[in-house]
Amino acid sequence: MTISNNGVLRRTLIKTIAVSLIGLTSLTLPAIAQEKPDVIRIGSTAPGHLKFILAQHDGWLEKEFAKDGIKVELVTFTGGGSEATTALATGAIEVTYTGNNPALRVAASGADVKLIGISSFVKTGGSAIIVTTNSPLKTVADLKGKKVAYLAGTVRHSNFSKALKGAGLKTDDVESLSLPFEASGPALLRGDIDAIVETDSTAAKLVDTGQARILLDGSEHPEWAVPNVISVNGAFAEKYPDLIKRLLKVDIQISRWADAHPEDTIKIFVDETKSSEKSVRKTYKDGVFYQDPKITDEALNSLKEEEKFMAEAKLLKGTIDYSKWVDTSYLDAAYKELDANQ
């Protein structure tokens, strides 16, 4: 399911109107406690984070909440993580699986969102800078003054900035275009742009067919690795803490299932996302998926370093109060309940 910006705005407007009507009604009618929501909307950036894809494939979350009569909507955002986190902050969705950059940016804005778990902390994956096979460009330094496409505000944006910094350049030294792969891939092959920055699995669609080659492989820079995160709308979490705990219990179960079924996991991910199997196996080398949602000190330190880099690269406005943003209580309760029943 894909949601557009118009769809998000429409839902937000409807929700705002509904809240206003409820406020008017409450002047004359006694308050009625709402024990549960009708729906939980969970978003992920396209094509979808691994646990999101697995949940989508086998209906893990739908099954968990069906017994309460709660509908689960899984929403894939094609416009990048900023689109997803905007929807989260406005209450158009309740939970997101996104890259670290958009999550850090919305947290720095002061929005009522909480970091409640890690989506993944893969050290072997990353973004790649891709050029056509016959491109004269040989190094990152050669990109100065060239047209490069990537989705602004994403992890690709951050990784590209780090690559440029290593070559003594800044993003201002190239002509940047914010485009999804559906537009940037064809534009690269037509010669309209000089390079694209994409995830390994997406870029492989051009590389494996011989149409393009890798100028820089982000997987060769594990020091750039920063965890992707699970975020929740703060007001929703405060109102329904038990539902968030249960959602994270399912997330833990999915991560453990993936580790126990590596071949099935890879097949599902490749089939559902149409990714290159070769690239997926490279990312999840030896069938290790790094999907445990536990918020470790290593993960937090990595996020803080990324926040510092983003601020220096002018990719971030504001600062983050980690004592308010990070809330491990839901995940701690989920682990405790799961492990007590095993």
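## A walk through a predicted chain

Lys 274 lies in the loop that runs between helices α11 and α12. This is a good place to start a tour of the model, which is predicted. The phi angle of Lys 274 is near 60°, a positive value in a residue other than glycine. Is Lys 274 buried or exposed? Its relative accessible area is 62%, and anything over 50% counts as exposed, so Lys 274 is exposed.

Lys 314 tells a similar story. You will find Lys 314 in the loop between α13 and α14, the latter covering residues 322-325. Lys 314 is not a glycine, yet its phi is positive, at about 60°. With a relative accessible area of 76%, Lys 314 is exposed.

**The whole chain**

Let us step back for a moment. The chain has 342 residues, and 51% of them are buried. Its secondary structure comes to 15 helices and 10 strands. Take the contacts in the chain with a separation of 6 or more: 81% of them are between residues 24 or more positions apart.

**An enclosed helix**

Helix α5 spans residues 100-108, and eight of its nine residues are buried, so the helix is largely enclosed by the rest of the structure. Those buried residues are Asn 100, Asn 101, Pro 102, Ala 103, Leu 104, Val 106, Ala 107 and Ala 108. Just after α5 comes Gly 110, with a positive phi of about 90°.

Pick out Ala 103, which is found in this helix. Its relative accessibility is 1%, so Ala 103 counts as buried. Which residues does Ala 103 contact, leaving aside its neighbours within four places in sequence? They are Thr 85, Thr 98, Val 229, Ser 231 and Trp 325. In addition, the C-alpha atom of Ala 103 is 7.7 Å from that of Gly 81, although 22 residues separate the two along the chain.

**Helix α10 and its partners**

Now look at helix α10, residues 241-260. Its axis comes within 8 Å of the axis of helix α15 (residues 329-340), and the two cross at roughly 60°. This angle makes α10 oblique to α15. The crossing of α10 and α15 is right-handed. On the α10 side, the contact is made by Pro 241, Ile 244, Lys 245, Leu 248, Lys 249, Ile 252, Gln 253 and Arg 256. On the α15 side, the contact is made by Tyr 330, Leu 331, Ala 333, Ala 334, Tyr 335, Glu 337, Leu 338 and Asp 339. Sorted by class, this contact has 10 nonpolar, one polar and five charged residues.

Why do many of the residues in such a list sit three or four places apart? An α-helix has 3.6 residues a turn, so residues three or four places apart point the same way.

Helix α10 also meets helix α2, which covers residues 50-58; the two axes come within 10 Å and cross at roughly 95°. At that angle, α2 is roughly perpendicular to α10. Here α2 contributes Lys 51, Leu 54 and Ala 55, while α10 contributes Asp 251, Ile 254, Ser 255, Trp 257 and Ala 258. The residues of this contact divide into five nonpolar, one polar and two charged.

In the loop between β1 (39-45) and α2 lies Pro 47. The peptide bond leading from Ala 46 to Pro 47 is cis, with omega near 0°.

**A cluster of rings**

A search of the whole structure finds seven aromatic pairs. In one of them, the planes of Phe 269 and Tyr 284 stand at 90° with the ring centres 6.4 Å apart, so this pair is edge-to-face. The pair links distant parts of the chain, 15 residues apart: Phe 269 is in helix α11 (residues 262-273), whereas Tyr 284 is in the loop between α12 (277-283) and α13 (297-312). Tyr 284 also pairs with Phe 289; this pair is tilted, at 5.1 Å centre to centre with 45° between the planes. Together, ring pairs link Phe 269, Tyr 284 and Phe 289 into a cluster.

How buried is each member? The table gives the values.

| Residue | Relative accessible area | Status |
|---|---|---|
| Phe 269 | 8% | buried |
| Tyr 284 | 10% | buried |
| Phe 289 | 0% | buried |

Definitions and conventions. Residues are numbered from 1 along each chain as its sequence is written. This is a predicted model: local features need pLDDT of at least 70, side-chain atom pairs count only at pLDDT 80 or more; totals for chains, interfaces and linings use all residues. Side-chain values use heavy atoms; hydrogens and water are left out. Axes are lines fitted to C-alpha atoms, for helices over the stretch in contact, and angles run from 0 to 180 degrees between N-to-C directions. Helices (H or I, at least four residues) and strands (E, at least two) are DSSP runs, numbered from the N terminus. Angles under 35 degrees count as roughly parallel, over 145 as roughly antiparallel, 65 to 115 as roughly perpendicular and the rest as oblique. A crossing is left-handed if the near helix is turned anticlockwise from the far one by less than a right angle, and right-handed if clockwise. Contact means heavy atoms within 4.5 Å. Ala, Val, Leu, Ile, Met, Phe, Trp, Tyr, Cys and Pro count as nonpolar, Asp, Glu, Lys and Arg as charged, and the others, Gly among them, as polar. Rings of Phe, Tyr and Trp (its six-membered ring) pair if their centres lie within 6.5 Å; planes under 30 degrees apart count as stacked, over 60 as edge-to-face and the rest as tilted. Buried means under 20% relative accessible area, exposed over 50%, partly exposed in between (1.4 Å probe, protein chains only).
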